[in-house]
Amino acid sequence: MATANKNLSEYDKSTIPNAKDFRFGIVVSEWNSEITEGLFDGAYKALIDCGAIDGNIIRCNVPGSFELTFGSKKMITAEKVDAVIAIGSVIQGETKHFDFVCSATAQGIKDLNVLYNTPVIFCVLTDNNLQQAIDRSGGKHGNKGAEAAIAAIKMADLAK
């Protein structure tokens, strides 16, 4: 397991550019909101900790992870952000729906990274069960949202 020996919330601020001059979009799926709100909280706190200004963090909610691509595109085109964090949570169920949503969401976010010069960070948990999602959204493995925020800062700096 990739997170077995890693805390997703840990980062070394000395290796991260100051985020004060960047605008960030955070697109949050409302599906599995108990998980996505934890991820948002982790991302927001890490951005602020690294110098981002509250007024330069724009949030947009979408119904589910499948809609993250469109929400992220709107952030890029309408809000003129320097990076977008797409936050979602898809938990395995009894049907193939999980596979289709995960694949389409990953491909959509990849496509935005190819089409635009604004990085879109994939912060979508694709877990087998609710406990795994809890463990990665502020639980025993830390918070994937914080890790995504650090990636957003680094990619915004790379893109400038």
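# Exercises on burial, helices and sites

R136 is buried: its relative accessible area is 9%. Buried means under 20% relative accessible area, exposed over 50%, and partly exposed in between (1.4 Å probe, protein chains only).

This is a predicted model, where local features need pLDDT of at least 70, side-chain atom pairs count only at pLDDT 80 or more, and totals for chains, interfaces and linings use all residues. Residues are numbered from 1 along each chain as its sequence is written, and side-chain values use heavy atoms, with hydrogens and water left out.

## Exercise A: the annotated sites

**Task.** Find which residues UniProt lists for "binding site", and work out why they do not all gather at one spot.

**Solution.**
- Start with the record. An unreviewed UniProt entry gives E94, T95 and R136 for "binding site". Such positions are in the numbering used here, feature names are shortened, and annotations may be inferred rather than shown by experiment.
- Next, check the spread. The set spans 43 residues in sequence, and its farthest two C-alpha atoms are 23.2 Å apart, so the residues do not all gather at one spot.
- Look for a pocket. E94 and T95 from this set belong to the lining of the largest pocket. On a 1 Å grid over the protein atoms alone, a pocket is an open set of points where a 1.4 Å probe fits, with protein on both sides within 12 Å along at least five of seven lines; lining residues have an atom within 4 Å of a point.
- Now place the residues. T95 sits in the loop between strand 3 (83-91) and helix 3 (97-115). R136 is in helix 4. Helices (H or I, at least four residues) and strands (E, at least two) are DSSP runs, numbered from the N terminus.
- Finish with burial. T95 is exposed, at 52% relative accessibility. R136, at 9%, is buried.

**Task.** Decide whether the "active site" residue H97 is buried or exposed.

**Solution.**
- The unreviewed UniProt entry lists H97 for "active site".
- H97 is part of helix 3.
- Its relative accessible area is 55%, so H97 is exposed.

## Exercise B: helix lengths

**Task.** Test the span of helix 1 (residues 33-49) against the value expected at 1.5 Å a residue.

**Solution.**
- The expected span is 1.5 Å times one less than the number of residues.
- Helix 1 has 17 residues, so it should span 24 Å.
- Its end C-alpha atoms are 24 Å apart, which agrees.
- Look at the inside too. Buried residues of helix 1 include I35, L39, G42 and A46. An α-helix has 3.6 residues a turn, so residues three or four places apart point the same way.

**Task.** Repeat the test for helix 2 (68-79), and find what its buried residues pack against.

**Solution.**
- Helix 2 has twelve residues and reaches 15 Å from first to last C-alpha, close to the expected 16 Å.
- L68, T69, G71, S72, M75 and I76 are buried in helix 2.
- Those buried residues pack against strand 1, strand 2 (57-62), strand 3, helix 3 and strand 4 (120-127).

## Exercise C: positive phi

**Task.** Describe the positive phi values of G51, N32 and K80.

**Solution.**
- Recall the rule. Most residues other than glycine have a negative phi.
- G51 comes just after helix 1 and has a phi of about 105°.
- N32 is not a glycine, yet its phi is about 55°. N32 lies in the loop between strand 1 (24-29) and helix 1. At 17% relative accessibility, N32 is buried.
- K80 is also not a glycine, and its phi is near 50°. K80 follows helix 2. K80 is exposed, at 60%.

## Exercise D: contacts inside

**Task.** Find what T105 is in contact with.

**Solution.**
- T105 lies in helix 3. Its relative accessible area is 1%, so T105 is buried.
- Contact means heavy atoms within 4.5 Å.
- Setting aside neighbours within four places in sequence, T105 is in contact with S65, F66, L68, T69, F122 and V124.

**Task.** Find the nearest side chain of opposite charge to D135.

**Solution.**
- D135 belongs to helix 4 (residues 130-136).
- Set the charges. Lys and Arg count as positive, Asp and Glu as negative; His and the chain ends are not counted.
- A salt bridge needs a side-chain nitrogen of Lys or Arg within 4 Å of a carboxyl oxygen of Asp or Glu.
- The nearest opposite charge is K140, 4.1 Å away, and D135 is buried with no salt bridge.
- D135 still touches K140, H141 and G142, not counting residues up to four places away in sequence.
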